Amino acid sequence: MSLSRTSKFIALILRHKPEAIGITLDEHGWANVDELIKGIAKQQPFDTETLEEIVATDEKQRYSFNEDKTLIRANQGHSIPVDVELEEKAPPEILYHGTGVKFKASIDETGLIPKTRLYVHLSADKETALKVGKRHGSPIVYAINAARMHKDGYKFYLSENGVWLTETVPMRYLGYITKDEE
Ligand code: HQG
């Protein structure tokens with residue numbers, strides 16, 4: 001299996017489904033590295049070196065080890081309720097959210113909600129948002145008035161790998177960017 005496919009499998013384990021390899025996460029989202037390696041190795045060839053390579057080279061820097069490399073966790077993206085000790089931070093003026101056109105009608109009614117994840121995921125740049133949107137078919141990008149939300153008391157967090165997170169984005173802070181405005 002390619003490194004990137006294995007990385008996606010690790011994302012599934014560390015964000016959504018540790019039971020897929022019979023392990024558990026602690027309250028801060030940490031998995032035991034030995035257990036993770038043994039669990040994956042039951043299903044495909046896998047060792048410490050491969051894990052270290054994936055953590056170092058993953059294109060979105062999705063994972064972190066603790067200091068002595070006995071524990072590993074995903075930096076963000078969880079659906080299981082863990083506290084990864086996110087840094088609360090004042091956001092830039094504008095943040096972006098890319099999604100599928102097919103969700104537009106629903107979003108325009110209720111604003112952005114986290115669906116299965118713990119947070120709504122936002123990016124500091126339009127290009128990243130557009131890429132995220134394309135995962136859901138024909139994409140659209142929303143611009144979020146993050147500075148105003150923050151002023152109004154909404155909390156923002158910046159994950160270790162640079163993803164901005166917030167619990168919900170009410171409609172009044174959302175603007176839709178058409179292709180022409182890109
Ligand atoms: C949409 C990837 C209907 C929302 C990416 C999104 C990201 C609504 C979808 C990270 C809605 C959930 C997260 C509403 C929100 N009505 N649809 N009211 N509110 N939605 O996959 O943001 O490769 O959970 O727009 O790079 O697409 O996994 O979230 O389209 O950072 O590391 O509901 O996942 O990173 O989809 O992606 P997702 P997302 P990784």
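This dialogue covers the domains, one helix contact and two pockets of a predicted model.

Trainee: Which domains does the domain assignment of the protein chain give?

Mentor: The assignment gives domain 1 (3-74) and domain 2 (94-179). Taken over C-alpha atoms, the centres of domain 1 and domain 2 are separated by 27 Å.

Trainee: How should a contact between helices be read, and at what angle do the axes of helix H1 and helix H3 cross?

Mentor: In general, two packed helices are described by the angle between their axes and by the distance between those axes. Here, helix H1 (residues 3-16) and helix H3 (residues 48-57) have axes that come within 10 Å and cross at roughly 85°. Angles of 65 to 115 degrees count as roughly perpendicular, which makes H1 roughly perpendicular to H3.

Trainee: Which residues meet in H1 and H3?

Mentor: From H1 come Leu3, Thr6, Ser7 and Ile10, and these meet Thr50, Leu51, Glu53 and Ile54 of H3. By class, the contact of H1 with H3 has four nonpolar residues, three polar and one charged.

Trainee: How is empty space found, and how much of it lies in the largest pocket?

Mentor: The general idea is that rolling a probe the size of a water molecule over the atoms shows where empty space is left. In this model, the largest pocket holds about 1100 Å³ of space. It is lined by 39 residues, of which Arg117, His121, Val132, Arg135 and His136 are the closest to its centre.

Trainee: Which elements and domains supply the lining of the largest pocket?

Mentor: At least two residues each are supplied by H1, strand S5 (94-100), helix H4 (104-110), strand S6 (120-122) and helix H5 (126-134). Domain 1 and domain 2 each provide at least three residues of this lining. By class, the lining of the largest pocket has 14 nonpolar, 15 polar and ten charged residues.

Trainee: Where does the second largest pocket lie?

Mentor: The second largest pocket lies between domain 1 and domain 2, because both give residues to its lining. Its space is about 160 Å³. Of the 13 residues that line the second largest pocket, Arg73, Val84, Glu85, Leu86 and Glu160 lie nearest its centre. Strand S2 (63-65) and strand S3 (71-74) are the elements that give two or more residues to this lining. The lining of the second largest pocket divides into six nonpolar, three polar and four charged residues.

Definitions and conventions:
Residues are numbered from 1 along each chain as its sequence is written. This is a predicted model: local features need pLDDT of at least 70, side-chain atom pairs count only at pLDDT 80 or more; totals for chains, interfaces and linings use all residues. Side-chain values use heavy atoms; hydrogens and water are left out. Axes are lines fitted to C-alpha atoms, for helices over the stretch in contact, and angles run from 0 to 180 degrees between N-to-C directions. Helices (H or I, at least four residues) and strands (E, at least two) are DSSP runs, numbered from the N terminus. Angles under 35 degrees count as roughly parallel, over 145 as roughly antiparallel, 65 to 115 as roughly perpendicular and the rest as oblique. Contact means heavy atoms within 4.5 Å. Ala, Val, Leu, Ile, Met, Phe, Trp, Tyr, Cys and Pro count as nonpolar, Asp, Glu, Lys and Arg as charged, and the others, Gly among them, as polar. On a 1 Å grid over the protein atoms alone, a cavity is a set of points where a 1.4 Å probe fits but cannot get out, and a pocket is an open set with protein on both sides within 12 Å along at least five of seven lines; lining residues have an atom within 4 Å of a point. Grid points are joined across faces, edges and corners, and a volume is the space filled by probe spheres set on the points. Domain bounds come from an automatic or database domain assignment.
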